[in-house]
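Please provide a short briefing on a predicted model, covering a nonpolar surface patch and some buried positions.

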Amino acid sequence: MHVQEWLETVPPLAIYLLVGVVIGLESLGIPLPGEIILVSSALLASQHGDIDPVILGACASAGAIIGDSIGYAIGRKGGRPLLAWLGGKFPKHFSEGHIATAERSFQKWGMWAVFFGRFVALLRIFAGPLAGVLRMPYWKFLVANVLGGIVWAGGTTAVIYYVGVVAESWLKRFSWLGLVVAVLIGLTSMLVLKRKAKKATAEPVSVAE
């Protein structure tokens with residue numbers, strides 16, 4: 001069953017909890033489709049008045065912040081052996097290449113790797129645990145974590161919600177062709193931004209001795 005169709009069968013309270021828990025677990029370091037769940041839920045909220053987008057965004061933000069904080073604590077305690085263990089359990093997501101890419105991002109951006117990592121799938125999983133492993137000062141991590149969680153989760157919820165509202169209005173006034181063009185433009189813009197973000201995080205960084 002499609003995610004959107006399945007969510008339509010779930011009560012609003014369960015959707016709030018689901019979004020918070022899935023995003024929290026993803027931020028903690030478990031590879032789950034947090035962004036897909038959030039986008040689908042926000043789109044559903046634009047079509048059903050029972051789901052409050054403000055509560056949805058708040059739950060998503062709380063899950064992101066709490067999950068990242070737990071991931072930081074686990075990474076700080078587990079250290080490098082934790083990354084090696086995760087590589088054995090989830091080789092697709094925690095391969096040596098992915099870890100090296102994430103480390104280069106931290107070397108280049110510092111605490112802002114946690115903030116910008118919210119918008120890149122790879123770093124969204126790594127940010128909390130890796131910040132702990134690298135022993136980033138907690139206050140720096142906390143500032144970037146809170147800001148990143150609110151901007152990413154709240155911003156994504158707001159954008160997708162209003163896109164859904166506008167799309168529904170367009171369907172009443174214009175043809176399907178207009179909607180298809182709008183969706184294609186939106187998807188193209190998103191893919192370009194994601195590609196640029198991934199390219200930036202993959203750039204080699206020279207670390208001073």
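Helix H8 supplies the largest share of the nonpolar patch, namely four residues. Helices and strands are DSSP runs (helices H or I, at least four residues; strands E, at least two), numbered from the N terminus. In this predicted model, local features need pLDDT of at least 70, side-chain atom pairs count only at pLDDT 80 or more, and totals for chains, interfaces and linings use all residues. Residues are numbered from 1 along each chain as its sequence is written, and side-chain values use heavy atoms, with hydrogens and water left out.

**The nonpolar patch**
- Trp 109, Trp 112, Phe 116, Phe 119, Trp 139, Val 143, Leu 147 and Val 151 form this surface patch, with about 770 Å² of accessible area together (Shrake-Rupley method, 1.4 Å probe, only the protein chains shown counting as cover for residues).
- Helix H6 (112-117) and helix H8 (138-173) are the elements that give two or more residues to the patch.
- Patch residues have over 30% relative accessible area and no salt bridge, and nonpolar side chains (Val, Leu, Ile, Met, Phe, Trp, Tyr) are joined within 5 Å, like charges within 9 Å.
- A salt bridge is a side-chain nitrogen of Lys or Arg within 4 Å of a carboxyl oxygen of Asp or Glu.
- Phe 116, in helix H6, is partly exposed at 43% relative accessible area (buried is under 20%, exposed over 50%, partly exposed in between; 1.4 Å probe, protein chains only).

**Buried residues of helix H4**
- Ser 61 lies in helix H4 (residues 53-89) and is buried, with a relative accessible area of 9%.
- Beyond four places in sequence, Ser 61 touches Gly 149, Ile 150, Ala 153 and Gly 154 (contact means heavy atoms within 4.5 Å).
- Ala 60, also in helix H4, is buried at 0%.
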